[in-house]
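Open the model in your viewer and keep the sequence panel beside it. The stops below are given in the order in which to select them.

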Amino acid sequence: MKANFRYLGTLATGLALFTSAAHVKAVEYVIGTDPWPPFTIMDEGEYRGIDVDIANELQRRLPDISFRFQRIPWVRALRYMEQGKIDAITGLAKTDERAEYIQYTSPPYYSECSSVFYVRKESGIQISSYEDLYRYKVGYVLNSAYFERFDKDDKLRKHSVSDEDQLLDMLIHGRIDTIIGTNCQIQYHIKIKGALDRVEEANWGPKNNVDLYFGLSMRSAIVAEQHRLNAAIKSLKNEGVIEKIVKQYFE
């Protein structure tokens with residue numbers, strides 16, 4: 001009988017712990033985002049994409065943390081991060097300026113991107129070196145980070161827009177000569193827009209590596225969770241979970 005009572009006591013304790021864990025009240029943090037397929041995709045009012053799937057995995061591993069994606073234009077989202085009006089942002093490249101008000105999770109959750117220039121097929125536009133860019137009108141997304149020389153070059157004829165969709169449309173319709181984008185996103189965008197026969201990668205590019213991070217606002221309580229988020233992201237990478245998520249979208 002003692003053994004049975006001991007078993008029942010252990011079972012009761014286990015059920016109590018399970019019930020307690022199941023009712024942990026998660027702290028909700030807002031992730032500001034603009035559609036940036038395949039990382040964040042708006043689909044009939046719902047969010048999906050690589051970043052959303054990764055955020056869901058983080059929630060499963062850290063049940064006291066909850067994420068809510070909120071659509072905010074990119075430039076405004078960065079300003080809100082600085083002001084502490086939102087807690088986090090995804091798909092973020094690291095810059096010294098942003099590091100003044102954003103803490104980056106480490107390691108980066110994705111490291112297979114690079115900055116690439118695109119031109120219209122049959123346009124005759126040739127970009128074989130950086131210097132060739134001075135001959136053309138170059139489109140880019142405002143407040144995006146590509147590579148240092150380009151970002152700081154005020155002698156180029158740069159034309160800024162609010163998002164990649166507008167950027168690609170302007171290139172296709174000949175309103176700008178070339179655009180710069182992150183290839184892991186722009187190439188996907190070209191495919192879903194059905195523009196593979198109209199747009200191509202330029203001959204020259206910086207061949208840089210653009211790491212993508214979750215950024216945490218220094219004015220948000222989420223910064224206290226940085227070490228836990230770092231550990232969870234590292235586990236997701238080491239276990240191949242992020243690789244599987246990415247593969248689903250790019251294939």
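The tour goes from the whole chain to a helix, a strand residue, some backbone features and then the salt bridges.

**The whole chain**

Start with everything shown as a cartoon. This is a predicted model. The secondary structure comes to eight helices and 13 strands. Draw the C-alpha trace alone, and its extent along the principal axes is about 90 × 35 × 30 Å. Of the 251 residues in the chain, 47% are buried. Switch on the surface: the accessible area comes to about 13500 Å², and carbon and sulfur atoms account for 48% of this area. Among contacts between residues at least 6 apart in sequence, 71% join residues at least 24 apart. Colour by charge next. The chain carries 33 positive and 35 negative charges, and the mean positions of the two sets are 3 Å apart.

**Helix α5**

Select residues 164–172, which form helix α5. Which residues of this helix are buried? They are Glu 164, Leu 167, Leu 168, Met 170, Leu 171 and Ile 172. In an α-helix there are 3.6 residues a turn, so residues three or four places apart point the same way. Now show what the buried residues of α5 pack against: the strands β8 (115–120), β9 (137–141), β10 (157–161), β11 (178–182) and β12 (199–201), together with helix α6 (183–192).

Move to the N-terminal end of α5, where Asp 163 acts as a cap. One of its side-chain oxygens lies 3.1 Å from the backbone nitrogen of Asp 165. Then go just past the helix to Gly 174, which has a positive phi of about 75°.

**Ser 115 in β8**

One of the strands that α5 packs against is β8, and Ser 115 is part of β8. Is Ser 115 buried or exposed? Its relative accessibility is 2%, so Ser 115 counts as buried. Draw the distance from a polar atom of the Ser 115 side chain to the backbone oxygen of Tyr 146; the viewer should give 3.0 Å. Leaving aside neighbours within four places in sequence, the residues in contact with Ser 115 are Tyr 146, Phe 147, Ile 180, Gly 181, Pro 206, Asn 208 and Val 210.

**Two cis peptide bonds**

Select Pro 37 and Pro 38. The peptide bond from Pro 37 to Pro 38 is cis, with omega near 5°. Pro 38 sits in the loop between β1 (27–33) and β2 (41–43). Next select Ser 106 and Pro 107, whose peptide bond is also cis, with omega near 10°. Pro 107 belongs to the loop between β6 (102–104) and β7 (110–113).

**Two positive phi values outside glycine**

Go to the loop between β8 and β9 and pick Glu 122. Its phi is near 65°, a positive value in a residue other than glycine. Glu 122 is exposed, at 80% relative accessibility. Then pick Lys 207, in the loop between β12 and β13 (210–217). Lys 207 is not a glycine either, yet its phi is positive, about 55°. With a relative accessible area of 71%, Lys 207 is exposed as well.

**Salt bridges**

Side chains of opposite charge can pair when their charged atoms come close. How many salt bridges does a search of the whole structure find? It finds 13.

Select Arg 68 and Glu 28, whose closest N and O atoms are 3.1 Å apart in a salt bridge. Arg 68 lies in strand β4 (residues 65–71) and Glu 28 in strand β1, so the pair ties together parts that are 40 residues apart in sequence. Arg 68 is partly exposed at 37% relative accessible area, and Glu 28 is partly exposed at 45%.

Now select Arg 61 and Glu 239, a salt bridge of 2.6 Å from N to O. This pair links parts of the chain 178 residues apart: Arg 61 is in helix α2 (residues 50–61), and Glu 239 is in the loop between α7 (226–238) and α8 (241–250). Arg 61 is partly exposed, at 33%, and so is Glu 239, at 47%.

Next is the bridge between Arg 135 and Asp 132, where the closest N and O atoms are 3.7 Å apart. Arg 135 is exposed, at 51% relative accessible area, whereas Asp 132 is buried, at 15%. For the last stop, select Asp 64, Glu 225 and Arg 228, which salt bridges with shared partners join into one network.

Key. Residues are numbered from 1 along each chain as its sequence is written. This is a predicted model: local features need pLDDT of at least 70, side-chain atom pairs count only at pLDDT 80 or more; totals for chains, interfaces and linings use all residues. Side-chain values use heavy atoms; hydrogens and water are left out. Buried means under 20% relative accessible area, exposed over 50%, partly exposed in between (1.4 Å probe, protein chains only). Helices (H or I, at least four residues) and strands (E, at least two) are DSSP runs, numbered from the N terminus. Contact means heavy atoms within 4.5 Å. A polar contact is a pair of N or O atoms within 3.5 Å; within protein, one must be able to donate a hydrogen and the other to accept it, and residues adjacent in sequence count only if both atoms are side-chain atoms. A salt bridge is a side-chain nitrogen of Lys or Arg within 4 Å of a carboxyl oxygen of Asp or Glu. Accessible areas come from the Shrake-Rupley method with a 1.4 Å probe; for residues, only the protein chains shown count as cover. Lys and Arg count as positive and Asp and Glu as negative; His and the chain ends are not counted. The place of a charge is taken as NZ of Lys, CZ of Arg, CG of Asp or CD of Glu.
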